[in-house]
Amino acid sequence: MSDSSGKPGHDCPLCPRLAAFRDDWRSREPAWFNAPVASFGSRNARLLIVGLAPGLRGANRTGRPFTGDYAGDLLYDTLIRYGFARGNYEARPDDELELVDARITNAVRCVPPENKPTPAEIKTCRGFLTDTIAEMPKLAVIVTLGRISHDSTLAALSQRRAACPFGHGAAFEIGRIRLIASYHCSRYNTNTRVLTPEMFRKVFASARGYLDARH
């Protein structure tokens with residue numbers, strides 16, 4: 001079920017497992033957001049960042065993508081560094097941080113148990129991702145965070161995985177859009193050095209350079 005704007009409603013029932021998990025946490029933590037998390041940023045942005053899903057104690061708690069957990073610390077610091085955000089990130093939705101020519105969304109809008117949505121849930125939520133992409137008239141670059149978000153974004157763009165295989169820093173031209181893949185900025189990936197801050201920054205430096213050259 002979606003609301004009148006085509007976004008998932010507060011009580012979206014499309015994925016029964018996720019709805020049950022969401023309801024359980026509403027009982028445990030009634031002050032938390034505990035609902036599908038909307039995209040953050042302007043539809044007129046040229047950059048779209050696609051994450052996996054809300055973190056339990058991050059976006060599921062605060063209601064804003066990548067806000068309130070470690071992944072947000074690294075992401076927003078990087079966005080500020082490359083001019084895609086301004087203000088101070090204080091890990092809460094009223095911290096006055098603003099995105100600049102950037103928008104953030106997730107492949108799956110509801111928090112999944114153990115941060116692992118099922119293939120069926122990813123597919124069910126893809127319609128909302130497709131709509132998000134379609135409503136951005138100036139979109140020029142998409143950065144995907146992790147393989148799942150990369151593959152789901154490809155499907156939303158009607159592209160075959162084999163034509164655009166996931167790899168950190170890999171870039172592909174899909175019509176008017178440049179797609180750049182990155183490892184997810186999760187604490188696990190950074191703790192294990194799968195992803196370093198320097199590696200992550202290079203992805204957004206690439207996006208910045210591409211957009212500046214187009215301008």
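Trainee: How much space lies in the largest cavity?

Mentor: The model is a predicted one, and the structure holds one cavity of 30 Å³ or more. Rolling a probe the size of a water molecule over the atoms shows where empty space is left. The space in the largest cavity is about 100 Å³.

Trainee: Which residues lie nearest the centre of the largest cavity?

Mentor: The lining of the largest cavity is made by 13 residues. By class, 10 of the lining residues are nonpolar, one is polar and two are charged. Helices α1 (16-28) and α4 (119-134) each supply at least two residues of this lining. Nearest the centre lie C12, L14, C15, C110 and C125.

Trainee: How far apart are the end C-alpha atoms of helix α3?

Mentor: Helix α3 covers residues 70-81, which is 12 residues. At 1.5 Å a residue, α3 should span 16 Å. The distance in the model agrees with this expectation, as the end C-alpha atoms are apart by 17 Å.

Trainee: Which residues of α3 are buried?

Mentor: A residue counts as buried when its relative accessible area is under 20%. In α3, the residues that meet this condition are A71, G72, L74, L75, Y76, T78 and L79.

Trainee: What is the phi of G83, just after α3?

Mentor: G83 follows just after the end of α3. The phi of G83 is positive, with a value of about 80°.

Trainee: How many residues apart in sequence are the parts that the pair D95 and R64 ties together?

Mentor: D95 and R64 form a salt bridge, with their closest N and O atoms 3.0 Å apart. D95 lies in the loop between β3 (85-86) and β4 (98-99), whereas R64 lies in the loop between α2 (59-62) and α3. Both D95 and R64 are buried. The pair therefore ties together parts whose separation in sequence is 31 residues.

Trainee: Is D151 buried or exposed?

Mentor: D151 forms a salt bridge with R161, and their closest N and O atoms are 3.7 Å apart. D151 belongs to helix α5 (residues 147-156), while R161 lies in the loop between α5 and β7 (171-174). R161 is exposed, with a relative accessible area of 55%. At 14% relative accessibility, under the 20% limit, D151 counts as buried.

Trainee: How many salt bridges does a search of the whole structure find?

Mentor: Side chains of opposite charge can pair when their charged atoms come close. One example joins R92 and D94, at 2.7 Å from N to O. A network of salt bridges also links K7, R43, R103 and E135. For the whole structure, the number of salt bridges found is 17.

Key
Residues are numbered from 1 along each chain as its sequence is written. This is a predicted model: local features need pLDDT of at least 70, side-chain atom pairs count only at pLDDT 80 or more; totals for chains, interfaces and linings use all residues. Side-chain values use heavy atoms; hydrogens and water are left out. Helices (H or I, at least four residues) and strands (E, at least two) are DSSP runs, numbered from the N terminus. The expected span of a helix is 1.5 Å times one less than its number of residues. Buried means under 20% relative accessible area, exposed over 50%, partly exposed in between (1.4 Å probe, protein chains only). A salt bridge is a side-chain nitrogen of Lys or Arg within 4 Å of a carboxyl oxygen of Asp or Glu. On a 1 Å grid over the protein atoms alone, a cavity is a set of points where a 1.4 Å probe fits but cannot get out, and a pocket is an open set with protein on both sides within 12 Å along at least five of seven lines; lining residues have an atom within 4 Å of a point. Grid points are joined across faces, edges and corners, and a volume is the space filled by probe spheres set on the points. Ala, Val, Leu, Ile, Met, Phe, Trp, Tyr, Cys and Pro count as nonpolar, Asp, Glu, Lys and Arg as charged, and the others, Gly among them, as polar.
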